[in-house]
Amino acid sequence: MSRLPKLPRGLSVASVLRNAALIALAAVTLAPFVWMVATSLKAPDEILTRDFHLWPHRFWAAENYASAFAAVPLGRYLLNGVVVTATILALQLLIAVPAAFALSKSEFRGRRLLFGAVLFGLLVPYHAIAVPLFVGLHALGLLDTYAALVTPFAISVFGIFLMRQFFQGIPGELVDAARMDGMSELAIVWRVMVPAAGPAISAFAIFSVVAHWNDYFWPLVAVSSDTLFTPPLGVVAFRNDDAGTSYGPLMAAATVIVLPLVAAFLLAQRRFLEGIAFAGFK
Amino acid sequence: MTEMSRSAALPRQPVETERVRRPHEERAAWRLVAPAAMLIILILALPMAAVVALSLTDYQLGAEAWRFVGAANYADLAADPVFWRSIVNTVVYVVEVVAGSTALGLATALMLQGSSILAPVWRTVFFLPVMASLIAMAIVWEFMLHPTFGLVNGMLGLVGIAPVNWLQNSATALPALAVIGIWQQFGFAMVLFLAGLSGIPQALYDAAEMDGAPSAWSRFRLVTWPLLAPVTLFVVVISTIRSFQVFDTVHALTKGGPNKATEVLLYTMYAEGFEFFRTGRAAAIAVLFVAAMLVLTLTKVVVVEKRIHLK
């Protein structure tokens, strides 16, 4: 490449080629998003045609989005999604943070055993224990409830592992000083450790919310009444409906479901990249 | 990001100096871990034991009676051509997605490395599919792959390629799902590669250039590729684990069809367990699934160790 004639910096042949490749790849990457939004703005006769154009001739957004919300209780699905992901995250933090603190800063019998169990738990994808969880919830009569959506995820061994790693980096003297001051262990967890663990907590929160907002497998197994559907179940139910071939409203529904996380991602990219990259270590 | 991921990736920390256990401290610690310990037993350990136990029975959900059948479920699976088809499809899908997303992730990371002020914009664009609800985007892909009104056939028509019914043709259905998988995953590989690239000292490139490695390709071959090898291995293992769990696109778009062309392991387990309610058989598939994941994850642990030692 360097044998080629020198052009002004930033205009070399290599950089032109590189940018062309990036633009092409970006176009393919964004195509489904762009096409989804564009279709959600078009009238039916502009969708079921082979005359492909991006921008609608007739603006049909109001009709499409209104009929998406009318055909299925889309608002309800979104609310379910918020309730389920928020409950899961709250339970996970409430249970994982104190345990991670004790694993990191206290000496007690069974500590190694517990940490071993956490490490082993990291190896097991929840899909593998879906069958017994389903049988168990069935026996308890809890299938098809909010509890069924939340219970299997109340404990996050990944959360415990991550928080423990973070707490390991916090000096023990800080904890000892708080203990001398007569603070209870629980008070130390919430008033000393948690404020110091902001980055780890936010990374874990993002990881958890993204995983559970987008989860399809477990809600599919756990619930059958559409009042309990989470957004992924909702959009599939809509597709399977008679309305499934009316692509305008369907793409409107997909847009509505994809939008919250994409918007959050665009607003807080760095945190999201950290949070999601953690998923790889699960 | 590198800092955080490295600390998260460290599997072990040096053992703290043994401290004296004080009884009241021990009780307090137990109170803190009790909820977690109980839930680990109830939601992880018991189900794990149950899945192994169930796989040795002929239990069917809702059935009154069940009996111990030993390894019969495993023997049945071994004799079932659909199950073998499912394994082969899973492996083919995993190989395609891992190769595609790793190559594309590496290429993108290399193009972004040292590039202009636009790098963060590109990064955001390529990472977007990782974030978006896969199931919603799968439905968008289904529409784009529509035989008559789909954008994909429309574009291919411009260059004279006849329309294909991608998801209903047994030759194209699995590759089409693999393309969706690559589209969704390569941004994730890119982020890991970018982190790896940022750890390679510029001095090494300068040295390579002085030692007579003038072209970008020779610098890549002599410096980037060998130093990135542990990260590459890591990305391959992680992508393997992720694509091994393919389910959403199969369930939403093809239901394992046409003619079992997209029957994959997790989908087979789902159908056995939750559609036909052959619980014992589904449990046996789950056990095999966990075994495969264990092998993959242990490989990952080994890779992580190696990566840390090299740094």
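**Figure 1. Residues of helix α1 of chain A meet residues of helix α5 of chain B.** In this predicted model, A:L22, A:A26, A:T29, A:L30 and A:F33 are the α1(A) residues to look for. Their partners in α5(B) are B:W122, B:V125, B:F126, B:L128 and B:P129. Sorted by class, this contact holds nine nonpolar residues, one polar residue and no charged ones.

**Figure 2. Helices α1(A) and α5(B) pack at an angle of about 40°.** Here you can follow α1 along residues 13–40 of chain A, and α5 along residues 119–131 of chain B. The two axes are 9 Å apart. Angles under 35 degrees would count as roughly parallel and those from 65 to 115 as roughly perpendicular, so this pair is described as oblique. As α1(A) passes α5(B), the crossing is left-handed.

**Figure 3. Chain A touches chain B through 83 of its residues.** On the other side, 80 residues of chain B take part in the contact. Which helix gives the largest share of chain A's side? That is α1(A), the helix from the earlier views, with eleven residues. By class, chain A's side has 63 nonpolar, 13 polar and seven charged residues.

**Figure 4. Chain B has 13 helices and zero strands.** Try tracing chain B from its N terminus: every element you come to is an α helix. Of the 311 residues in this chain, 42% are buried. Now pick out contacts in chain B between residues at least 6 apart in sequence: 71% of these join residues at least 24 apart.

Terms used
Residues numbered from 1 in each chain as written. Chains lettered and ligands numbered in written order. Predicted model: local features only at pLDDT ≥ 70, side-chain atom pairs only at ≥ 80, totals over all residues. Axes fitted to C-alpha atoms, helices over the stretch in contact; angles between N-to-C directions. Helix = DSSP H or I, 4+ residues; strand = E, 2+ residues; numbered from the N terminus. Parallel < 35°, antiparallel > 145°, perpendicular 65-115°, else oblique. Left-handed = near helix turned anticlockwise from the far one by under 90°. Contact = placed C-beta atoms within 7 Å. Nonpolar A, V, L, I, M, F, W, Y, C, P; charged D, E, K, R; others polar. Buried ≥ 20, exposed ≤ 12 C-beta atoms within 10 Å, placed from the backbone.
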